[in-house]
Amino acid sequence: MTVDFVHFVHFVHFVHFVHFVHFVPIRTVGGSVFDANVLRVMIASPSDVRSARDMVELAIAAWNVKHAESRGVVLLPWRWETSAVPDLAAPAQALLNTQGVDQADIVVALLGSKLGSPTQNAASGTVEEIERARARGIPVHLYFSTESVPIAQIDVDQVLGLQQFKKAVSDLGLYAEFQDLGQLASDIDRALTHDVEQAEKRKVDSYFHVDSDRVYDLYESRWTLSKSGTSPHAISGHQECHRRFTSRSGEGIERFEITLARDSDKQIGFSRENAPMFRLLDDSSRSDAGILRLKPPYKTQGGTFAQVISFEPPLDDGASVHLHYSGEVPHFKFATLEQLEPATRNSQLGLRDWDSVAVKVSFPISRFVYSVFFPDDLGVDVLGVRAGRGSIDVAESARIRRAGYVSQHQTTRDGVSGIELTLDMPRPQLKWTYRICWRPPSETVAD
């Protein structure tokens with residue numbers, strides 16, 4: 001079903017390789033659920049290598065057991081015996097092409113002592129599937145069996161056709177040979193792992209070519225929370241940020257906006273007397289000879305505060321900037337469950353017993369660092385990192401934790417003991433929101 005790759009075939013056009021069905025919920029035998037991309041693997045061959053076809057399907061199943069959950073990819077085998085849908089609307093090979101080859105992401109092709117029966121378009125059905133897959137630009141792994149065949153089963157015409165095809169494909173790429181099924185299983189496992197890794201690389205490459213006016217080398221925000229002087233049950237915050245990005249705008253980037261939203265805080269809204277205030281630090285710079293200018297804070301719609309850093313003149317296409325700024329956020333959200341619950345009743349995430357600091361990823365980011373320091377005297381229960389496209393995605397949040405992107409440790413900052421929770425990950429998902437969450441104490445405990 002696919003071509004462009006024969007085992008060891010590093011002759012690859014991965015143009016259509018990421019043909020994934022994104023985030024399909026998968027339930028394991030033990031009952032756990034995880035989201036996964038699905039890659040379809042077509043097994044193409046004449047009828048004389050049935051045991052090898054069975055082994056490829058077993059190798060796919062074994063790969064899923066070892067790698068599916070950790071990589072977030074499930075490989076789905078497709079073979080005509082079990083997957084093709086009977087239909088009299090077209091010739092058999094045409095149906096196998098449309099149902100199998102055209103829907104596949106990877107093709108594993110096997111040949112033994114026969115090339116197979118000729119079709120209208122190729123020397124055999126298997127050859128047509130290989131050629132069609134190559135035309136699509138998907139990986140094709142081709143394996144020839146070297147196992148001996150009884151003389152009575154040898155068809156001279158088939159052997160000659162097989163030899164001619166073998167010579168022809170040697171000019172196109174690399175193929176492999178196998179003597180026993182154990183060797184074939186091992187080779188298939190290696191080939192499939194290679195394909196998945198290539199797909200992941202393509203996803204990374206395409207990630208940085210989305211329609212965006214900038215790409216970030218670093219997006220870092222570090223919060224330090226403390227008790228607020230405005231209320232015994234409120235939290236104040238200090239935020240220090242690094243932003244390093246390169247302009248991809250032909251018209252130039254004129255401004256960078258610092259925004260903070262407090263949709264859950266209905267007690268003390270932002271005002272001139274209670275406005276977060278940031279300052280641009282001295283090591284901020286841009287790659288050209290322009291000026292960075294920080295403008296006074298202002299309140300936008302709802303509970304959102306904004307402060308603008310302007311680029312004078314605009315940051316030209318290809319120019320980069322490093323912004324380093326810090327600021328204070330007075331009376332930051334809530335410190336008790338009693339205050340939190342009614343304020344979140346009509347929020348986007350609904351009624352909840354936890355609070356958070358959050359950021360939505362709007363541009364491609366190479367490295368994303370988001371951390372919060374919780375002093376011990378706040379008495380909060382640190383919950384961890386939750387992510388999702390709007391709502392909370394439990395599976396993705398768990399994957400981030402398992403991947404080691406989240407760390408939590410007891411430390412001291414400016415002589416104050418507390419817990420620091422950090423999310424440090426490459427390439428966060430675009431349009432997703434990442435939250436560092438905690439459960440505040442009750443009012444009675446705070447008192």
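The following paragraphs describe salt bridges in this predicted model.

Side chains of opposite charge can pair when their charged atoms come close. The structure contains 20 salt bridges. One of them joins the side chains of Arg53 and Glu81, with a nitrogen-to-oxygen distance of 2.6 Å. This pair connects distant parts of the chain: Arg53 belongs to helix H1 (residues 50-71) and Glu81 to helix H2 (residues 80-83), 28 residues apart. The two partners differ in burial, because Arg53 has a relative accessible area of 2% and is buried, whereas Glu81, at 25%, is partly exposed.

Helix H1 also takes part in a second contact, in which the side chains of Lys66 and Asp189 meet in a salt bridge at 3.0 Å, N to O. Lys66 lies in helix H1 and Asp189 in helix H6 (residues 181-207), so this salt bridge ties together parts that are 123 residues apart in sequence. Asp189 has a relative accessible area of 19%, and because buried means under 20%, Asp189 counts as buried.

A salt bridge within a single helix is formed by Glu396 and Arg399, whose closest N and O atoms are 3.0 Å apart. Both residues lie in helix H8 (residues 394-402); because they are three residues apart there, about one helical turn separates them. Glu396 is buried, at 4% relative accessibility, while Arg399 is partly exposed, at 27%.

Salt bridges with shared partners also join Arg50, Arg53, Asp54, Glu57, Arg79 and Glu81 into one network. The Arg53 and Glu81 side chains, which meet at 2.6 Å, are thus among the members of this network.

How values were computed: Residues numbered from 1 in each chain as written. Predicted model: local features only at pLDDT ≥ 70, side-chain atom pairs only at ≥ 80, totals over all residues. Heavy atoms only, no water. Salt bridge = Lys/Arg side-chain N within 4 Å of Asp/Glu carboxyl O. Helix = DSSP H or I, 4+ residues; strand = E, 2+ residues; numbered from the N terminus. Buried < 20%, exposed > 50% of the residue type's maximum accessible area, 1.4 Å probe, protein only.
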